[in-house]
Amino acid sequence: MRSLIVVSAEELTIKSQPAVPVLRVGQVRRWIGTQPVVLAEGAVRSVVAAAEERATWHSDAVVLDDTLRMEQRFDRLAREVADARRRRLQVAAVVALGVVGVPVGLAVTLLSAASSMFLGN
């Protein structure tokens, strides 16, 4: 297995030939693609499975409250979405009543004034 140094500096001066490849970030993918296959496909799957296991990265391999915590976060998100929907509908209702209410109120006032004029009240 070969080592690799990845450099993200703008400029780099190499005074002598290093024992390992020195690449910029954008060159890494191409370099990896040129390397010979070292692990069989099954071994790669095993490494991926180990990387996905919580015990690989955490001292406490089993955390029973992970699912509960996710469910609580989802429930909170669902409540936030429902509250936002309710507020949006309330604003829409107020706007609709305002748009309809102003002309209706004006019409009622005009009709009332007209009927008083005609009926003499």
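Reader: Which is Arg-45, buried or exposed?
Author: Cut-offs first: buried means under 20% relative accessible area, exposed over 50%, partly exposed in between, using a 1.4 Å probe and protein chains only. Arg-45 sits at 52% relative accessibility, so this arginine counts as exposed.

Reader: What sort of model is this, and what is its average pLDDT?
Author: It's a predicted model, where local features need pLDDT (the predictor's confidence in each residue, from 0 to 100) of at least 70, side-chain atom pairs count only at pLDDT 80 or more, and totals for chains, interfaces and linings use all residues. Residues are numbered from 1 along each chain as its sequence is written, and side-chain values use heavy atoms, with hydrogens and water left out. In the protein chain, 75% of the residues score at least 70, and the average is 79.

Reader: Which element has the highest mean pLDDT?
Author: Going by DSSP runs numbered from the N terminus (helices are H or I, at least four residues; strands are E, at least two), the chain has four helices and two strands. They run β-β-α-α-α-α from the N terminus on. The lowest mean pLDDT, 76, belongs to α4, while the highest, 90, goes to α2.

Reader: Which residue does Glu-41 form a salt bridge with?
Author: A salt bridge here is a side-chain nitrogen of Lys or Arg within 4 Å of a carboxyl oxygen of Asp or Glu. Glu-41 is exposed at 61% relative accessibility. Four residues along, about one turn of helix α2, is its partner. With the closest N and O atoms 2.8 Å apart, that partner is Arg-45.

Reader: How many salt bridges are there in the whole structure?
Author: Besides the Glu-41 pair, Arg-86 forms one with Asp-83, again with the closest N and O atoms 2.8 Å apart. Those residues are about one helical turn from each other because they lie three residues apart in helix α4 (residues 65-119). Arg-86 is partly exposed at 45% relative accessibility, and so is Asp-83 at 32%. A search of the whole structure gives a total of two.

Reader: Where is Val-44?
Author: Val-44 is partly exposed, at 38% relative accessibility. Together with Val-38, Leu-39, Val-47 and Val-48, Val-44 forms a nonpolar surface patch with about 420 Å² of accessible area. Patches take residues with over 30% relative accessible area and no salt bridge, joining like charges within 9 Å and nonpolar side chains (Val, Leu, Ile, Met, Phe, Trp, Tyr) within 5 Å. As for its element, Val-44 is in helix α2 (residues 41-52).

Reader: What share of the 121 residues is buried?
Author: The accessible surface (Shrake-Rupley, 1.4 Å probe; for residues, only the protein chains shown count as cover) comes to about 10900 Å², with 62% belonging to carbon and sulfur atoms. Of the 121 residues, the buried share is 5%.
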